[in-house]
Structure formats: C-alpha cells, structure tokens
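This report looks at the pockets of one protein model and at the residues that line them.

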Amino acid sequence: MAQVQVYNQEGKKTSKLDVMDEIFAIEPNESAMHLAVVSYLANQRQGTQSTLTRSEVSGGGAKPWRQKGTGRARQGSTRSPQWTHGGIALGPKPRKYKVGLNKKVKRLAMKSALSTKVADKEMMVLNKVELDEIKTKSMVEILKNLEAAKKTLIVTSEVDEKIYKSARNIEGVKVVTVNTLCVYDILNCDTFVVLKDAVKKIEEVYA
C-alpha cells in the first residue's frame, strides 16, 4: 500500500498512513483529468450574457430618407447594425455551457488527481486541527508549521466552522469537505492538506 506522511498541527511528523493503492496510487489518466477540469470550468459559466438585435432595439420604425435621389446610401432603418444605437449583428445570446461527464470518468479523474498529488509528494495528512476559537492568526500559524505553499487546499470530512472561518481570509487557501472536493481544486493547489478522518471518508466514497 502507498504511504503518506502524517503531521500534527505543530508541523512535526507523527507517523505514516497506509492509503489504498486503487485510489491514491493508480496510473494517472491525463485525459480524464483534462475532461473533468474542462467540465468544471464550463459549468461555472452562467451563460446569461445577451445583446439586442435590430428587431429588439427600440426605435427605427421610419425610413430615414427616401430610397433614391439624395446621393446617400439607401437605408431602411436607423437601427441597422452599422448605425449608432443600432442592433448588434452577431452578439451573444443566453445559452448553456454545461459539459456533462459520466460517473466512470468522474471517478477515474478523481483517483488520478489524488494519485498525482501522492506521487508528487504534495499531499500531507494532518492528524487533527484543534482551534480554541475562530482566529485567522491560528490557522496561519498551522500552515506555517506545515510549510504549506501559498495555494493550499484543506479537506475536512465534514463542515468545520472553526477551520473554515479561520482560513477563509487567507489568500490562496481554500477549505472544502469530502463531499464538495473536485478535481480542479486538487490540481490547482500546490499543497494538498487532508485531515486524517477525511482520508478514510475519501476511501469509503471511492473504494
């Protein structure tokens, strides 16, 4: 079985944790990870942008001048695209950018991302986090002890208000639960910190 180093919140190595090879030590599938990232980013787009065509812009009902005899180009409306305040010829309209993925690809992408972090030695398991109160300074100290990089992802097994609120104002640090963990967040961080009980939950979900 693959092994990951376990730390306490003082940054000291306490033990090593055996993790399941079929989740944390598979051959990473770059294609699946790419599809997962593309899907995630596409699904973040709202697709609510909209412009008015010449039929939707107000005004322009009357022909601005007669067809012939003026010496000017023929015009039928002051709301044609070439006019100031005219409609937009080929502007964006509301649409869905959703990109779907089947379950097998999602699971393969997640396992590949987790295995990549273990292989690159960017994943560290934290024994537990004990905070007396919600305090950003305390979380900064813990991350400093762990020598975490600027972009750090912290994974908890369940919603922990103290950890979340203590970390939310630290630039580059994101806290998620196992249920909301995604491939993009894993690949986008430089240090992947997982609480020990969260590792067990990940194994339960993806085993």
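Strand S1 gives the largest share of the lining of the largest pocket, with 4 residues. The model is a predicted one, and its largest pocket has a volume of about 350 Å³. The lining of this pocket is made up of 13 residues, and Gln5, Tyr7, Lys121, Glu122 and Met123 are the closest to the pocket centre. Strands S1 (2-7), S2 (13-19) and S3 (123-126) are the elements that each give two or more residues to this lining. By class, the lining of the largest pocket holds 5 nonpolar, 3 polar and 5 charged residues.

The second largest pocket contains about 280 Å³ of space. Its lining has 17 residues, and those nearest the centre are Ala36, Leu101, Lys106, Cys182 and Val183. Here the elements that give two or more residues are helices: H2 (30-43), H3 (103-119) and H6 (183-188). Helix H2 supplies the largest share of the lining of the second largest pocket, 5 residues. The residues that line the second largest pocket divide into 11 nonpolar, 3 polar and 3 charged.

The table sets out the two linings by residue class.

| Pocket | Nonpolar | Polar | Charged |
|---|---|---|---|
| Largest pocket | 5 residues | 3 residues | 5 residues |
| Second largest pocket | 11 residues | 3 residues | 3 residues |

In short, strands S1, S2 and S3 each give two or more residues to the lining of the largest pocket, whereas helices H2, H3 and H6 do so for the second largest pocket.

Technical notes:
Residues numbered from 1 in each chain as written. Predicted model: local features only at pLDDT ≥ 70, side-chain atom pairs only at ≥ 80, totals over all residues. Heavy atoms only, no water. 1 Å grid on protein atoms, 1.4 Å probe; cavity = no way out; pocket = protein on both sides within 12 Å on 5 of 7 lines; lining within 4 Å. Points joined across faces, edges and corners; volume = space filled by probe spheres on them. Nonpolar A, V, L, I, M, F, W, Y, C, P; charged D, E, K, R; others polar.
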